[in-house]
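Have your viewer ready and a selection box open. We will go from one stop to the next, picking residues as we go.

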Amino acid sequence: MYKLILPYLGKYKKDVILSVICSTVESFFDLSVTLLMAYLLDYGIGRSDIAYTLKLGCLMIGLGLLVVGMGILSVKYSTRAGMGFGAELRKAQYKAIQGYTFKNIETFGTGSLINRLTGDVTAVQSAVCTAIKTLARAPSMVIIAFIMSFMVNKTVALLFLTIFPAFVIIYAIIIRNLMPRYKTMQESIDSMNLITQENLTGMGIIKAFVRRDQQKKRFGDANNKVFRSSDRAYGFGVLNGPFSNLIMYAVIIAMYRIGGDLIIKNYLSVGELTSLISYLNSIMTQTLGIGSVFLVLSRSVVSLRRISEVLAQVPDIEDGSVEQAVEDGTIEFENVSFRYGSSGKYILENIDLDISSGETIGIIGGTGSAKSTLVNLIPRLYDVSDGCIKVGGRDIREYTLKTLRDGVSIVLQQNTLFSGTIRENLRWGDPTADETELDTACDAACASEFISRLPEGYDTVLSQGGVNLSGGQRQRLCIARALMKKPKVLILDDSTSAVDMATDAAIRRSFRENLPGVTKLIIAQRIASVMDADRIIVIDEGRVTAIGSHSELMERSDIYRTIYKTQQEGALIDG
């Protein structure tokens, strides 16, 4: 884990070193002020030597200013290192997630990934900011305070050594019990984030089914679980304070008792006792600080493990090496089978298809027949389990993912638009596209007619997910965005389901006229959407049962004929 994570701190190694140096210098000057205080009491004030008192007073003020300056610099450098480290971890995780396949994302869940990018990184960078300064300053303060206390009086100084075993035992017990509590807390936050995300994205469904009260209860249960797990973690962690204070007060009482006897016997002066008390306070305060840092680090270790899991996850799809562009839209399925994972039932079995460049292929089948899975294999959103798929005459596993996906455009069932303008969304397909190219793609997708009615046209700002547009408008924009890539293969996965029949027909007609050399694969629930396709593929339970034109399938495919008659009867009833 540390080998995976620590390199991201390397960029800020200089800041870490400077923070450590500043903290060490700060500690030396701080404790020097304490030593000077003893001399001031014994030789300045004790002997009424005003000149000596003023001299030491000015020196103490100067050292105090240096302490403040070094402290500011130490915080500056440690903060920059911690925040920079957090930024590097976020960037690294985001980059790793961008390379994930659907299967990788499903391993964690979106709620958990968001929490690892935000909450876990925040916990780590806060711990680093605190740890760099404290773990640099505190040990040096303790060591220097011990040395100076031995210089003042060995008997009393030896008393200080008795506190460490007790502190080590207390913190060891607390930290050992905190780690699993923090892990449970982070997992409960993951669950709450998932519920929150589902509720926000599915707000329309919740309202439509009047499930607000049930979802409020579901969120409340998750929120209470976060509260209970946090209470158990932090509630146990705060035990270090009372126990540590108990030890500290016991040592102070013992020191006063021993120190008082030594003063009476003239083995110790008042100034020396005062300096010893200051050293004790420094030792105790810094020891408590070290303990607190380890408590914070115990949570950050849990977060680091969760972050390292994201970074260590290996995408199950390996990139190819061929950067040559896809030459044409020919597609070949050679005995292709697919299943999720290395075991279980095949979802697609023994698929053999030859599709010529420029063909329009309709794909029909019942719900769950694996139509979407079939087309998702072409741009390698999933990899085949057995067999081979070729695009442009080459095995798709040989192409780099960028090259393959530049040549294959897919419009998924779930249309996703991003916050920003229509122009910015369309330019996902081609960042350099000019106005003419935008118009051409939107004309082909029958999106120009509604864009022209918008007051800002292409500069209309879309809300998150494009919710300020209708479902049909979002689908047409997504189709136009896919066309902006000028692909060799265009896949529409039930992407016109929200448009009316006339617009659907207009889109198909536009494809025939404007995209003659592009291979078009159209998954549809309505047979009317694919009737004029060159060929129609009928899929049932993961197998191709028939291929042909509409008229051919009406003669020889019982499944196709049944679907057609059912839809025709439904249309007559609706009419």
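Start by selecting I143, which sits in helix α5, residues 110–152 (helices are DSSP runs of H or I with at least four residues, strands are E runs of at least two, and both are numbered from the N terminus). This is a predicted model, in which local features need pLDDT of at least 70 and side-chain atom pairs count only at pLDDT 80 or more, while totals for chains, interfaces and linings use all residues. Residues are numbered from 1 along each chain as its sequence is written, and side-chain values use heavy atoms, with hydrogens and water left out.

I143 is exposed, at 52% relative accessible area (buried means under 20%, exposed over 50%, partly exposed in between, with a 1.4 Å probe and protein chains only). Add I147 and M151 to the selection: with I143 they make a nonpolar surface patch of about 340 Å².

Next, go inside. Select L426, I451, L477, I479, L483, L490 and F511, the residues with the most contacts inside the largest nonpolar core, which has 44 residues (a core is a set of buried Ala, Val, Leu, Ile, Met, Phe, Trp, Tyr and Cys residues joined through side-chain atoms within 4.5 Å). Helix α17, residues 471–483, gives the most to this core, with six residues. Apart from this core lies another, of 40 residues, including I144, M148, M185 and M192.

Zoom in on L426, in helix α14, residues 422–426. Is L426 buried or exposed? It is buried, with a relative accessible area of 1%. Beyond the residues up to four places away in sequence, L426 touches L438, C442, Y458, L477, A480, R481 and M484 (contact means heavy atoms within 4.5 Å). A distance label between the C-alpha atoms of L426 and C442 should read 9.0 Å, for residues 16 apart along the chain.

Now move to S369, in the loop between β3 (360–365) and α12 (371–376). S369 is buried at 2% relative accessible area, and a polar atom of its side chain lies 2.7 Å from the backbone oxygen of G366. In the same loop between β3 and α12 you will find A370, a non-glycine residue with a positive phi near 80 degrees.

Which residues does S369 contact, leaving aside neighbours within four places in sequence? They are I539, D540, E541 and G542. Finish on E541, in the loop between β11 (535–540) and β12 (543–548). E541 is exposed, with 66% relative accessible area, and its phi is positive, about 50 degrees, although it is not a glycine.

Methods:
Patches are made of residues with over 30% relative accessible area and no salt bridge: like charges are joined within 9 Å, nonpolar side chains (Val, Leu, Ile, Met, Phe, Trp, Tyr) within 5 Å. Accessible areas come from the Shrake-Rupley method with a 1.4 Å probe; for residues, only the protein chains shown count as cover. A salt bridge is a side-chain nitrogen of Lys or Arg within 4 Å of a carboxyl oxygen of Asp or Glu. A polar contact is a pair of N or O atoms within 3.5 Å; within protein, one must be able to donate a hydrogen and the other to accept it, and residues adjacent in sequence count only if both atoms are side-chain atoms.
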